[in-house]
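Student: I should like to work through this protein model with you, one question at a time. May we begin as soon as it is displayed?

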Amino acid sequence: MRWILGAAILLAISMVFGLGLMAYAMYALMAVIGGSRLLVNYWLRNLTATRHLSHTDLEEGDLLTVGLTVRYTGSIPMPWFLVEDLLPRHAIVSRPPALEVEGQRIFLSMMWPRATRLLTYRIQCHRRGYYQIGPAVVETGDVFGLYKQFKMLAEPGFITVEPSIIALDGFDLASKRPLGEIKMQSRLFEDPSRIAGVRRYQLGDPLNRVHWASTARTGELHSKQYEATCIAGVSLVLDLHPDSFPAKDEPIRSELSVKCAVAIANAVHLMDQQVGIVTNSVDAAQRMKYEGWDFDARTRNAARKSAGRIDRDPRLTPQRVRTRRGAEQFQQIRHMMARSEKNEGLSLPALLFEIQSELPRDATVVPILSKVTPEVALALGNLVRSGYVVSPIVNCWDEYEFAQAAGLLLAERMVAKQLKSLETISQICQEQAYPLF
């Protein structure tokens with residue numbers, strides 16, 4: 001528009017002062033500008049693209065191949081076009097990057113009539129997450145540089161990068177209890193396979209508890225007495241509130257919490273014990289579905305920024321996989337952890353209050369924390385006082401910080417474990433944790 005406005009002003013001046021040569025030049029310039037706009041619109045109207053992903057479900061360390069096929073169906077040659085396949089900015093600028101591009105995802109070329117170009121590059125997936133690949137931004141213009149325009153092609157694809165699995169050492173394989181043989185504080189459940197003794201029959205005892213051998217020997221009804229059941233399985237509680245993770249430690253500490261949760265869930269699942277997880281995170285797939293990807297596309301820079309945007313999601317619904325046995329339990333937990341993002345909607349005390357009634361009492365509650373406050377310790381202590389066995393894991397490097405957190409938890413009758421680094425995940429359950437009575 002600036003070129004057209006300038007040409008119109010100069011044309012008016014040349015007509016007022018009778019400058020014929022300048023008027024002719026302005027007519028030619030306006031004709032070139034108009035023709036350029038028509039040509040550029042024609043080129044873009046006949047330009048399409050499709051994207052191909054080699055995988056949509058990957059694991060940390062896997063390599064993804066992306067192919068972008070650009071087709072031009074017009075009959076007038078296109079002198080140049082520039083295509084860029086957009087990636088989330090937060091995934092490629094972090095250190096270390098979550099996604100590392102191998103090859104070129106920006107392609108410059110010309111197009112002959114009814115031609116096809118293929119842009120191929122690879123992505124090394126270093127960190128778990130749910131990532132948007134695309135859309136593609138195509139830019140073209142006339143040979144004089146008077147008019148440029150761009151267009152969005154190839155709707156984005158989405159990939160899920162699942163966290164890697166770390167094997168745990170030190171489990172009590174003989175008893176098949178992930179955190180040791182722990183008796184419950186109150187006899188809420190009894191194990192029919194563990195007979196503790198025989199007593200006289202009491203009114204209300206079911207017939208399947210009658211000990212017929214003792215009844216026949218004494219001539220009086222006797223009932224079997226069972227031992228209290230043992231804790232079997234794990235209910236993981238993962239804190240992913242943004243306030244729990246200082247910015248200087250990110251994304252290392254939050255990723256460490258996720259990897260620890262996945263490692264424990266895998267070990268418990270392999271022992272055929274019940275396992276589940278609940279977290280105050282948000283599902284990245286639901287967030288993207290809620291926000292969409294239809295953003296401001298007036299400039300190429302605006303499109304880039306919008307494609308890499310992460311908005312806060314204050315919704316208060318926790319993510320969960322209910323604690324139970326099953327072949328699909330671990331895969332559900334791992335898939336959920338792959339797409340979990342930090343969310344400021346629910347604090348950990350609010351999360352515990354929300355889900356306490358749904359936690360099974362015959363499973364160890366394992367909170368994975370990064371910040372222990374008096375409020376957090378009190379909320380976990382309420383679980384202990386309600387009859388749950390709680391074995392917290394504190395994700396921090398500093399020994400003094402861990403000592404402070406462990407002191408708060410010890411006051412609530414819980415023995416904490418320290419998660420210092422990635423290398424210590426495999427030894428996190430070596431020592432059995434027993435509640436204080």
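Student: In which loop is proline 135 found?

Tutor: The model is a predicted one, and in it a cis peptide bond joins glycine 134 and proline 135. The omega angle of this bond is about 5°. As for its place in the chain, proline 135 belongs to the loop between S8 and strand S9 (136-141).

Student: Which residue precedes proline 251 in a cis peptide bond?

Tutor: Proline 251 lies in the loop between S14 and H5. The peptide bond that leads into proline 251 is cis, with omega near 5°. The residue on the other side of that bond is glutamate 250.

Student: How many aromatic pairs does a search of the whole structure find, and how is the pair of tyrosine 130 and phenylalanine 158 classed?

Tutor: The search of the whole structure gives two aromatic pairs. In the pair of tyrosine 130 and phenylalanine 158, the ring centres are 5.7 Å apart and the planes meet at 5°. Because planes under 30 degrees apart count as stacked, the pair is classed as stacked.

Student: How many residues apart are tyrosine 130 and phenylalanine 158?

Tutor: Tyrosine 130 is in strand S8 (residues 129-133), and phenylalanine 158 is in strand S11 (residues 157-162). The pair therefore links distant parts of the chain. The separation is 28 residues.

Student: Is tyrosine 130 buried or exposed, and what is the class of phenylalanine 158?

Tutor: The relative accessible area of tyrosine 130 is 15%, and because buried means under 20%, tyrosine 130 is buried. Phenylalanine 158 has a relative accessible area of 27%. Because that class lies between the limits of 20% and 50%, phenylalanine 158 is partly exposed.

Student: Which residue has its charged end over the ring of tyrosine 130, and which has its charged end over the ring of tryptophan 397?

Tutor: Over the ring of tyrosine 130, at 5.5 Å from its centre, sits the charged end of arginine 339. At tryptophan 397, the charged end over the ring is 4.9 Å from the centre and belongs to lysine 420.

Student: How many residues of strand S15 are buried?

Tutor: Strand S15 covers residues 275-279. Val275, Ile277 and Thr279 point one way from the strand, Gly276 and Val278 point the other way, and all are buried. The strand is thus mostly covered, with the count of buried residues at five of its five.

Student: What is the handedness of the crossover from S14 to S15?

Tutor: Strand S14 (residues 234-238) and S15 run parallel and are joined by five bridges. Across this pairing, valine 234 stands opposite valine 275. Between the two strands the chain passes through helix H5 (residues 252-270), and this β-α-β crossover is right-handed.

Student: In S17, which residue is the bridge partner of threonine 279?

Tutor: S15 also pairs with strand S17 (residues 319-324). That pairing is antiparallel and has four bridges. Within S17, threonine 279 has as its bridge partner glutamine 319.

Student: Which residues does glutamate 255 touch, leaving aside those up to four places away in sequence?

Tutor: Glutamate 255 is placed in helix H5. Its relative accessibility is 10%, and glutamate 255 therefore counts as buried. Beyond its neighbours up to four places away in sequence, glutamate 255 touches Glu60, Arg127 and Arg128.

Student: Why is helix H8 described as largely enclosed by the rest of the structure?

Tutor: Helix H8 spans residues 329-338. Its buried residues are Gln329, Phe330, Ile333, Arg334, Met336, Met337 and Ala338. Helix H8 is largely enclosed because the buried share of its ten residues is seven.

Student: Is alanine 154 buried or exposed, and what is the class of arginine 413?

Tutor: Alanine 154, in the loop between strand S10 (148-153) and S11, has a positive phi of about 55° although it is not a glycine. With a relative accessible area of 13%, alanine 154 is buried. Arginine 413 has a positive phi of about 65° and is found in the loop between helix H11 (399-411) and strand S21 (417-419). At 32% relative accessibility, arginine 413 is partly exposed.

Student: What percentage of the residues of the protein count as buried?

Tutor: The protein has eleven helices and 21 strands. Of its 437 residues, the portion that counts as buried is 50%.

Key:
Residues numbered from 1 in each chain as written. Predicted model: local features only at pLDDT ≥ 70, side-chain atom pairs only at ≥ 80, totals over all residues. Heavy atoms only, no water. Phe/Tyr/Trp six-rings, centres within 6.5 Å; stacked < 30°, edge-to-face > 60°. Buried < 20%, exposed > 50% of the residue type's maximum accessible area, 1.4 Å probe, protein only. Lys NZ or Arg CZ within 6 Å of the ring centre and 35° of its normal. Pairing = 2+ DSSP bridges. Right-handed = clockwise from strand over helix to strand, strands pointing away. Contact = heavy atoms within 4.5 Å.
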